[in-house]
Structures are given as structure tokens and as C-alpha cells.
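Trainee: I have a model open and would like to learn how to read it. Could you take me through some features one at a time?

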Amino acid sequence: MNALAATTRNFRQAARILGLDSKIEKSLLIPFREIKVECTIPKDDGTLVSFVGFRVQHDNARGPMKGGIRYHPEVDPDEVNALAQLMTWKSAVADIPYGGAKGGIGCNPKDLSKSELERLTRVFTQKIHDLIGVNTDVPAPDMGTNSQTMAWILDEYSKFHGHSPAIVTGKPIDLGGSLGREAATGRGVVFATEALLSEHGKAIKDLTFAIQGFGNVGSWAAKLIHERGGKVVAVSDITGAVRNPNGIDIPALLKHKETTGVITNFSGGDAMDSNELLTHECDVLIPCALGGVLNRENAADVKAKYVIEAANHPTDPDADEILSNKGVVILPDIYANAGGVTVSYFEWVQNIQGFMWDEEKVNMELKKYMSKAFLNIKSMCQSHNCNLRMGAFTLGVNRVARASVLRGWEA
């Protein structure tokens, strides 16, 4: 089942639990606007090349739309649509005044030079500048894009609209980016994990963890878990996997990855098959990479008691059912990885106020938002007698539905 089908299925289930009117249910699924543009640029050798850019703006009932821009060869309109919808519910779960959006350009950033990427980003911005805005739609980095991409968008947009630091988040600090933004998703994952574990009378320091994906989110989550005394017993990324039943020395692994670019050949642990990481012996499994990694083939073999969805949509619906029947507790992506959008919101707020916070305040506010959201999800679980995924979806969908009705959009 692809991401769009799964997200839509979760939405419909939440709508049924909430008893939403069928007209509202239908209107909440339809995106506000879908944009498709052709971006033609000269390559460094003088030849012309054209790429297709997308932006799906899903819903703006609760505030400006918000979501990443990815540069990836398979930017599939269906997936962009699903991720835009997911952003709407995610912002609502975290109680941030945003709706959802997502965008991308179908290109392989590895095949383009820095100057070609800059030209492509500027042309894309020229084509959509009148459809995004500080109070309309605020892009952010995603797969294949970074703070430099945001700096180019900011500069190009500002040529048309005057200096507008709040037009994008995930910017370089020197251009109004927020302290703590880089670690935000990983830190949010850890705050979410702490909230869940304390509910079960447990703490990070007493448990073992396996982490799939050692990019931005996975490496920060591993580092912070290690600092809290948790034992990270296995880590994997595209280059391979490493395990150590006594706990991996995460700072040493980070240093090793920085110098060699891979996590393999690390002296502080044994190599293992990456595919075995998901079924490795551990208390808590944290998938931080791609969607659909837990499925009907491997779900029955998962040994973890808790799965924290740091990636978007890592558990497909079949696996969801198998794991639930085994008594595995799944902390859903629309809550677990909301740290990124939460600190993006803090960045936007700081830019609008023209007043920057110190990192301690950013992290303190993030913890407050993640803790409050968990309590709200739990109370939805109790009211509707449902699992955490449906608790989060009903919370998010209900907030968006209420805002739409209050605005008189339900007809």
C-alpha cells in the first residue's frame, strides 16, 4: 500500500471514530491547490535541461501551509500529496498554527553541480513566488535539499517581495535560522520516547535501542539517547550496519562516520546485515529512514516492545496489525517526528518578531510542546478507546475539522 493510500485510510478511520459529517470528511481530503511548473535551466556545459517542480498545498484552515521541498529523481505527485496531507495532521497534533504542504523537483541532486542546483532553485522560486508567502505557505528542507537551498529561495523570493526571512525555515543561522533546528527532529523523537516510556513506568537509561538510519534524525536521536544512559545496541544506514550488545559508543561512531563517510569497519562493534536491524534484539526500535520498512514479511519477527516512528510512514498497515496483535506499542510518525515542524514554527515566530531565542529556550519550548501533545493523544485514546496512531489522527483531524467548521467552510 503506497503512502497516499495508507494516509487516506488512517484519515478515514479517524473520521469514522470522530463521527465526522461526510461533507467535511470529503472536503478535508481534497488539497487546496496543486502546482506543477516546468523549470528549464542552462547546464554548466551550455545545454538546456528541464525539470518538473511540484507544490501541493493541502489545507490552510489553521494557518499558513508548511512543508518540505525535496529534490529526488522519483518525486511522485501521489507521494507529495500524501506527505502534504500528513503535514496538515502533524501540525494539528503538535498544536502549531499551520496547515500542510509539500513540494519537490524531479531531479537527482547528485548529478547537478552546485551552480546548476542554485539556478534550478531560483527558477523554481520565480515560478511559485506569488503562490507561497510568510502567511500563505512556508517551505522547508527535505530529502536532497538543505539550508543552502533555503538561502537561495529566501534570496530569490526577497527580490520580488522585499527582505522576508520568514518565507522559509531551516535556513542558515546567519540568515535568521533558529538555534536547535538541526537537532530538532531527533531531539523531538527522544522527548516523545521519554513521554511514552514514563507512561509505562520506564526510562531511557534502563533500555536497549536499535536505530535504522544514521542521517540527521538517526544520529541526533542516537547521540541524545546515549547521553541519557540508554544503550544503543545496533545502528544501520545505507552503507551498512554495526552492532554491539554492550552498547555502541555513539560519539566514537559519529567521529568514525565523519572521517570515513561510512559506519562500516567501526572498531567499536561487529558488522551485521542491515536487513536484520529491524528484527534485532532490543527494547525500542527507531526507524529513521524510509517509509514502508516494516511490512508483513518482517513484522512478525520484530523483537522490540516499542517502535518509535521517526521516519514518515515506516510501518505499513499490515505490519501495524501484526505488531499490535503482538502487543508492540507503536508511537506514530505524525507525533514522533513532529519536532522538526515544531522548531520550524519557532524559527518562523522568531523571524516575524525579529527577536532570536537562545538554544536553551528552543529546546525547553520543544519539550513543552512534545509533552503536551502526548497527553492530548492519550486523552483521545481514552475517549475513543483506540491505539496511539488513531489517538494522534483523531486529535489532528478533529482540530482541523473544528477550525474548518468555525470558518464556515463545511458546506
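Mentor: We will go from a helix and its neighbours to single residues and then to the cysteines. This is a predicted model, in which local features need pLDDT of at least 70, side-chain atom pairs count only at pLDDT 80 or more, and totals for chains, interfaces and linings use all residues. Residues are numbered from 1 along each chain as its sequence is written, and side-chain values use heavy atoms, with hydrogens and water left out.

Trainee: Let me start with α2. Which of its residues are buried?

Mentor: First the terms: helices (H or I, at least four residues) and strands (E, at least two) are DSSP runs, numbered from the N terminus. Buried means under 20% relative accessible area, exposed over 50%, and partly exposed in between, with a 1.4 Å probe and protein chains only. In α2, residues 22-29, the buried ones are Ile-24, Glu-25, Leu-28 and Leu-29. They line one face of the helix, because seen down its axis they fall within an arc of 130°, taken from the directions from the helix axis to the C-beta atoms. Ser-22, Lys-23 and Lys-26, on the other side of α2, are exposed.

Trainee: Why do residues three or four places apart point the same way?

Mentor: An α-helix has 3.6 residues a turn, so that spacing brings them round to the same direction.

Trainee: What do the buried residues of α2 pack against?

Mentor: Contact means heavy atoms within 4.5 Å. The buried residues of α2 pack against α1 (3-18), α3 (77-93) and α13 (388-406). At the N-terminal end of α2, Asp-21 acts as a cap, with a side-chain oxygen 3.1 Å from the backbone nitrogen of Lys-23. A polar contact is a pair of N or O atoms within 3.5 Å; within protein, one must be able to donate a hydrogen and the other to accept it, and residues adjacent in sequence count only if both atoms are side-chain atoms.

Trainee: At what angle do α1 and α3 pack?

Mentor: Axes are lines fitted to C-alpha atoms, for helices over the stretch in contact, and angles run from 0 to 180 degrees between N-to-C directions. For α1 and α3 the angle is about 35°, with the axes 8 Å apart. Residues meeting there include Phe-11 in α1 and Trp-89 in α3.

Trainee: Lys-90 caught my eye. Is it buried or exposed?

Mentor: Lys-90, in helix α3, is buried, with a relative accessible area of 6%. Its side chain makes a polar contact with the side chain of Asn-337 (2.7 Å). Lys-90 and Asp-333 are 243 residues apart along the chain, yet their C-alpha atoms are separated by 8.4 Å.

Trainee: Which backbone angle should I check in Asp-95?

Mentor: Look at phi: Asp-95 has a positive value of about 60° although it is not a glycine. Asp-95 lies in the loop between α3 and β4 (99-106) and is partly exposed, at 28% relative accessible area. Phi of His-313 is also positive, near 55°, and His-313 counts as buried at 15% relative accessibility.

Trainee: Last one: how many disulfides are there?

Mentor: A disulfide is a pair of cysteine sulfur atoms within 2.5 Å. A search of the whole structure finds zero. The sulfur of Cys-39 is too far for a bond, because the closest cysteine sulfur, in Cys-107, is 9.3 Å away. Cys-386 is in no disulfide either, with the nearest cysteine sulfur, that of Cys-381, 4.6 Å away.
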